[in-house]
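User: I am new to reading protein models and would like to learn how to interpret what I see. Could you take me through a few features one by one?

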Amino acid sequence: MLKHVRQLDNEEMPNVRDVKYWFDLENELPNSPQMSDEEILAPIVGDSTESDGNFEGGWSEWNSWSICTRPVDGIQTRERECTNPEPLYMYGGKQCTGNRALLRECSNTSSCLEGFPLRFKTENNPSVGRMEIYANNSWQKLCTSQWNEADLNSTCMAMGYYNNGVYVNDTWYAERVNASKTSINHNCTIPTTCEKNLTKKQQFCKVPVRLNGANLEYGGRVEVFYKGKWAKICRNKWDFDDVKVICRQLGFEEALAEFIGSDVKDEGIPFVVSNISCKGDEPELASCARIDGKVKIPPQCLSDGKGSQALCQPKNKKVLDKKELFFDIGSNEELQCSIHNETSYARWKINGRKLQIKNSTYQRIRTKETGELFIDKVQLSDAGLYECYRLEYVQYYIVYVNVPPKVNISGASNLIKEGNSVKLTCEIVAGRPEPEITWLKNNTLLQKSWSLLFPKIKKKDEGLYTCKAENAAGILTEYVEISVKVPPRVKFEFNNVNIEVNSTFTKKCYRSGDPEISVNWTKDGVLLSTNNTLIIKRANFKDKGNYECTAQNDYGKANASFWIDVTVLFRVEQKGLKRFQQDFGMQLSLADIQAQTAFGKASAQIVPDPYPTLTTEDALTLTCQVNEDTIKVAWKKDGNSPSERAKIYTQLDKKESELTISKVLEEDGGKYSCEGRNKLGFVARYFVKITVKGEKVQMEPSNVEVDEWEIEVSRVLLQEVIGRGAFAAVWRALLSSPNGRPGNRIVAAKCFTPTAGEEGRNCLMREIDLGKLIGGNNQPNTVKFVGCVTTQIHPILIMEYMPCGDLPGYLRKCRGVRDRYYLGDGRAQELTNYDLVMFAKQIAAGMVFLGSRGIIHRDLAARNILLDNNYVCKVTDFGMAYQSFKYCYGNAKKGCLPIKWTAPEILLGNLAGLSTLSDVWSYGIVLYEIVTIGGIPYDGWSEGRVVAEVTKGYQMPKPDHVDIKMHDMMKRCWNLNPDFRPPFENLRQRMDKYLREETYVELLNLGAYDKKKYSRVEDLGDKDAGPSDEVVKKAAAKRLGKWSSARR
């Protein structure tokens, strides 16, 4: 048997204020079948009393310990209640977080005062489950060596259930007075040792019920005794099978109806049970699936207030007949009563009240001695139970009054922007029988449901929406006009154009947008026009320049730019000379102009373009092709003369000029231009960009065994370096004959950097091995491993190319912030809550897959999340990852840690504690990057300060636009104890649930997003530290773009 040693005072409560739970225990979410163990009660560090809602969240004082269940090996429990009982989604109150019940041994309380958090782990039925205590950092089944009925009652009562009726606190709870008041060492037995017959046995906690609120002992409102109070049951899903179980539990022979009357007293008691789903044959309510807890009560129950009702067969009456009748408001009705043809002694009761025989026509409800009952002009209050009785016989009429529908449409605002998530809800306010809801758009049927969801609403979705509610009492229609506002969209692409002198050029700016759009055309930054269409009449050389169109309305802004070149393709006669000189500001003679037109204009074009990326000591050869009108060729680099090492050979008879550098250096990279001139001195220019990198990829063969992943090096054509890491450079490359098919495929090739040495080579080979391990799986949220080249001395890892770049750069681009490290082609768009939560789900799904293969990433950060053409997130860069069961804990790659993303156990040097839960910490940081739309974690902090504060328990505060639920999820990931962090599968399920149940709209208020606060993309946190060699090395890597692990 385990022993637990602790030093406590008698009044000290262990683990009460310093342990916080993910869900509100007032909500009783452990009963929900979708919740996993870790999601329900994974503790997180925090103060359980803070509140930022309209109601103060928090707990009441702990009540007294219960009486010990027996003198030897007994147990005691104590509990507390949430002081914020209102539903969170209606009133904005803060959830009560923490454990609501404690348990301790009470064989000898003078020597053992240890209290353990207690919970009841259930699934569909909240009365059937496994009672557990939290001890030794895990939840364990609660058992004592002599478990009996008293133990069961005590623990059930701590969870709010009362097996043997209602207990008064004075008799059930009593504080032990013989406990020691001193602080000493205590040896306490942890009650988790079960007899064999109890190990897997589930515990059953009963629920007392009663009928109340009517004048009948066999009918009324159904109430349950829960957490020390009588409370109501919500009528959602309530049916006759549920009534059968209630009547059976109360000892009645038969159930008669699920409705008593409209005058059942409300009495102001709360709802605590909903979604009851009995099959009808259960012995009692505790055996039925349901949801217990006040917070999850549907809003329609709270607006109704009556609760579920039941009518059972009286124990001392013989029921001759039972009928259900449906009356319309305003109608005149007659009920016949015949009990064995002896009507003269028949009497009536309405909802338990005796009705005197009155035959006056002035009485709206009256009876005759012959047994008939008349109702004139039926009212809503006439619904209920009508009893015709004589001696031991009774006949029942359950009267329902049809109520016309009444509904309320919500979810439509005056400002709906294209791309927003919109949910229209048609809430039933009144109606019996329950109305059927139908949605129509512009009088055309859409669907039958109570809500309409537009995840990303479009302009075509606007129109007149009708909610049609229909039942036996009538039809009601409510309308709402949806108007969708559209930000501007520019009409043209980013194409440069050439126009002829004296020609007319027109270009429209925007193609769509609503409402009215304002337009600004600028040339070289100077305002030209505010019309949608730009018109250049009789173009001249002054019209050459950079043109930009900006279209803007109240709902967004869009712009595009292009370059206009003006060319001369005409002949000028003497009479047009003056006009030509005025137009173009040139003092040219007619002879000059005629010479220009006679000899034609010069031309120049450099090949190849684009030029492949070079590495140092490669040869550079540029050829400039000109026409016969070109009489002179000049080369320039960045506007100046080329390097002295550049050799230029021009052959105008062959219409070309060649520039060569036999062995390039990094300084030879830049913008090269070839200028061709004609006889008048008119110049034609052509530019090409040359990139030179510092290392050369070696291709010497190596004798190694190969497998099906091996790719011949001749099939890989390296084009351009797109990033650089600690031990490898990443190239955009062409892979010929992909999958044995003709053609080429663009891939990313990670090539070993020789300066990284043998350790760097081993790291890349380890990453290749990991790629092979997961390469056969088509998991959509990890970058796919295509193959490798290992037959060369310097290995190459080949993976899929992700054109839309890294996640932080894309997020920043979408909010209009330029990130100079972002090299992706992703199109900027307005991100919604749905997009951001989907990103989080996809990343969690990728990490679930890696964890299932035993892979610990160790460098999970938004910069290591790439997006494909469809903007799907994929986890990449396993350079710091290793497979725990293959490479062992001692073989982790050594090097610079990504401090701001690294779990505290790793920062403190505890590599033995490295696990997938260390990646969960990093995932919490990634969530922060996502919800701040590319914000910098610990902005402005040096890495030294981050280490010092994080290892002491610091957690980043909640951004103003982020909901508490999302921030709580981050804080769970940032728990100092890895065992208390949620696994990735739970995080994936949570994000999936937000998306499925459309609750993601509550997680972020993007309208309150502070753009200024998160405007910086450069992390200046290290400025308070000296520029160490390490920092300099990181900065150099940082300049190389999205693949660099040093980028923040």
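**Reading a predicted model**

Analyst: Let us begin with one residue: Leu652 is found in the loop between strand 44 (647-651) and strand 45 (656-661), where helices (H or I, at least four residues) and strands (E, at least two) are DSSP runs numbered from the N terminus. This is a predicted model, in which local features need pLDDT of at least 70 and side-chain atom pairs count only at pLDDT 80 or more, while totals for chains, interfaces and linings use all residues. Residues are numbered from 1 along each chain as its sequence is written, and side-chain values use heavy atoms, with hydrogens and water left out.

User: Is Leu652 buried, partly exposed or exposed?

Analyst: Buried means under 20% relative accessible area, exposed over 50%, and partly exposed in between, using a 1.4 Å probe and protein chains only. Leu652 has 35% relative accessibility, and therefore counts as partly exposed.

User: Which residues does Leu652 touch, leaving out those up to four places away in sequence?

Analyst: A contact means heavy atoms within 4.5 Å. With residues up to four places away in sequence left out, Leu652 touches Val626, Thr630, Ile631, Lys632 and Val633. Val626 is 26 residues from Leu652 in sequence, and their C-alpha atoms are 7.9 Å apart in space.

User: How does one describe the chain as a whole?

Analyst: One can count its elements and its contacts: the protein chain has 18 helices and 57 strands, and 52% of its 1048 residues count as buried. Among contacts between residues at least 6 apart in sequence, 67% join residues at least 24 apart.

User: How should I read a single helix, for example helix 5 (residues 240-249)?

Analyst: An α-helix has 3.6 residues a turn, so residues three or four places apart point the same way. In helix 5, the residues Asp242, Val243, Val245, Ile246 and Cys247 are buried, and the buried residues of this helix pack against strand 9 (209-212), strand 10 (219-226), strand 12 (255-257), strand 13 (271-277) and strand 15 (309-312). At the N-terminal end, Asp239 caps helix 5, with a side-chain oxygen 3.2 Å from the backbone nitrogen of Asp241. After helix 5 comes Gly251, whose phi is positive, near 90°.

User: And how are helix 10 and helix 11 arranged relative to each other?

Analyst: Two packed helices are described by the angle between their axes and the distance between the axes. Axes are lines fitted to C-alpha atoms, for helices over the stretch in contact, and angles run from 0 to 180 degrees between N-to-C directions. The axes of helix 10 (residues 807-814) and helix 11 (residues 833-852) come within 13 Å and cross at roughly 175°. Helix 10 is therefore roughly antiparallel to helix 11, a term for angles over 145 degrees, while those under 35 count as roughly parallel, 65 to 115 as roughly perpendicular and the rest as oblique. Their contact is made by Leu807, Tyr810 and Leu811 of helix 10 and by Leu836, Phe839 and Ile843 of helix 11.

User: What does UniProt list for Lys750?

Analyst: An unreviewed UniProt entry lists Lys750 under "binding site"; such positions are given in the numbering used here, feature names are shortened, and annotations may be inferred rather than shown by experiment. Lys750 is in strand 51 (residues 744-752) and is buried, with a relative accessible area of 8%.

Note on methods
Polar contact = N/O pair within 3.5 Å; in protein donor to acceptor, adjacent residues only side chain to side chain.
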